[in-house]
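Reader: I have a protein open on my screen and would like to talk through its fold and its pockets. Could you take me through it?

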Amino acid sequence: MTIHRVLTPPGWPRGRGYSHGIEAQGSLVFVAGQVGWDESRRFPETLLEQLRNALANTVAILAEAGAGPEHIVRMTWYLLDKREYLSRSGEVGSVYREMMGGSYPAMAVVEVKGLVEEGALLEIETTAVVPRD
């Protein structure tokens with residue numbers, strides 16, 4: 001069942017790893033910024049490990065609302081190091097697909113000077129829309 005509609009204006013190429021826009025109806029789920037720590041609030045050292053944890057944390061919170069990656073309509077990623085992200089984009093894509101499957105929401109990736117949690121290399125905010133029964 002399709003729960004949302006990808007919005008791509010005529011003549012535009014499809015987004016690579018994201019959608020230009022999403023139309024959705026249902027119950028909104030807002031996930032606060034998730035950093036890449038584990039259940040004990042320990043950070044692994046690498047961006048890829050932290051990304052895997054941040055996405056796993058996001059999926060766990062979505063599950064509390066009866067939602068999954070397929071319900072995500074928007075994500076904003078905040079990164080400390082844009083160059084590392086770009087140089088490892090293939091690996092980032094692999095981790096993303098492993099954790100989120102084929103869900104490609106509207107997305108923004110932003111380089112920031114710092115994050116509140118010491119040791120965090122990234123933080124991800126997410127919005128999902130769960131269909132109503």
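Author: What follows is a short conversation about this predicted model, starting with the overall fold and then turning to the pockets.

Reader: Okay, how many helices and strands are there in the protein?

Author: The protein contains 3 helices and 6 strands, and read from the N terminus these elements follow the order β-β-β-α-β-α-α-β-β. Its radius of gyration is 15 Å, close to the 14 Å that the globule rule gives for 133 residues, so the protein is as compact as a globular protein of that length.

Reader: And what does the C-alpha trace span along its principal axes?

Author: The C-alpha trace spans about 40 × 35 × 25 Å along those axes. Of the 133 residues, 37% are buried, and the protein exposes about 8000 Å², with carbon and sulfur atoms supplying 50% of that area.

Reader: Among contacts between residues at least 6 apart in sequence, what percentage join residues at least 24 apart?

Author: Within that set of contacts, 75% join residues at least 24 apart in the sequence.

Reader: Switching to pockets, how much space lies in the largest pocket?

Author: The largest pocket holds about 430 Å³ of space, and 15 residues line it, with Arg-16, Gly-17, Tyr-18, Tyr-85 and Met-107 lying nearest its centre.

Reader: Which elements each supply at least two residues of that lining?

Author: Helix 2 (82-87), helix 3 (89-100) and strand 5 (106-111) each do so, and the largest share, 5 residues, comes from helix 3. By residue class, the lining of the largest pocket divides into 10 nonpolar, 3 polar and 2 charged residues.

Reader: What about the second largest pocket, what is its volume?

Author: The second largest pocket has a volume of about 160 Å³ and is lined by 14 residues, of which Val-6, Arg-14, Tyr-18, Ser-19 and Tyr-104 lie nearest its centre. Its lining is made up of 6 nonpolar, 7 polar and 1 charged residues. Tyr-18 is thus named for this pocket and also among the residues nearest the centre of the largest pocket.

Reader: Last one, away from the pockets: where is Ala-63 placed, and why does Ala-63 count as partly exposed?

Author: Ala-63 sits in helix 1, which covers residues 47-64. Its relative accessibility is 47%, so Ala-63 counts as partly exposed, given that this class lies between the 20% limit for buried and the 50% limit for exposed. The C-alpha atoms of Ala-63 and Asp-38 are separated by 17 Å, and these two residues are 25 residues apart along the chain.

Definitions and conventions
Residues are numbered from 1 along each chain as its sequence is written. This is a predicted model: local features need pLDDT of at least 70, side-chain atom pairs count only at pLDDT 80 or more; totals for chains, interfaces and linings use all residues. Side-chain values use heavy atoms; hydrogens and water are left out. On a 1 Å grid over the protein atoms alone, a cavity is a set of points where a 1.4 Å probe fits but cannot get out, and a pocket is an open set with protein on both sides within 12 Å along at least five of seven lines; lining residues have an atom within 4 Å of a point. Grid points are joined across faces, edges and corners, and a volume is the space filled by probe spheres set on the points. Helices (H or I, at least four residues) and strands (E, at least two) are DSSP runs, numbered from the N terminus. Ala, Val, Leu, Ile, Met, Phe, Trp, Tyr, Cys and Pro count as nonpolar, Asp, Glu, Lys and Arg as charged, and the others, Gly among them, as polar. The radius of gyration is taken over C-alpha atoms; the globule rule is 2.2 Å times the number of residues to the power 0.38. Buried means under 20% relative accessible area, exposed over 50%, partly exposed in between (1.4 Å probe, protein chains only). Contact means heavy atoms within 4.5 Å. Accessible areas come from the Shrake-Rupley method with a 1.4 Å probe; for residues, only the protein chains shown count as cover.
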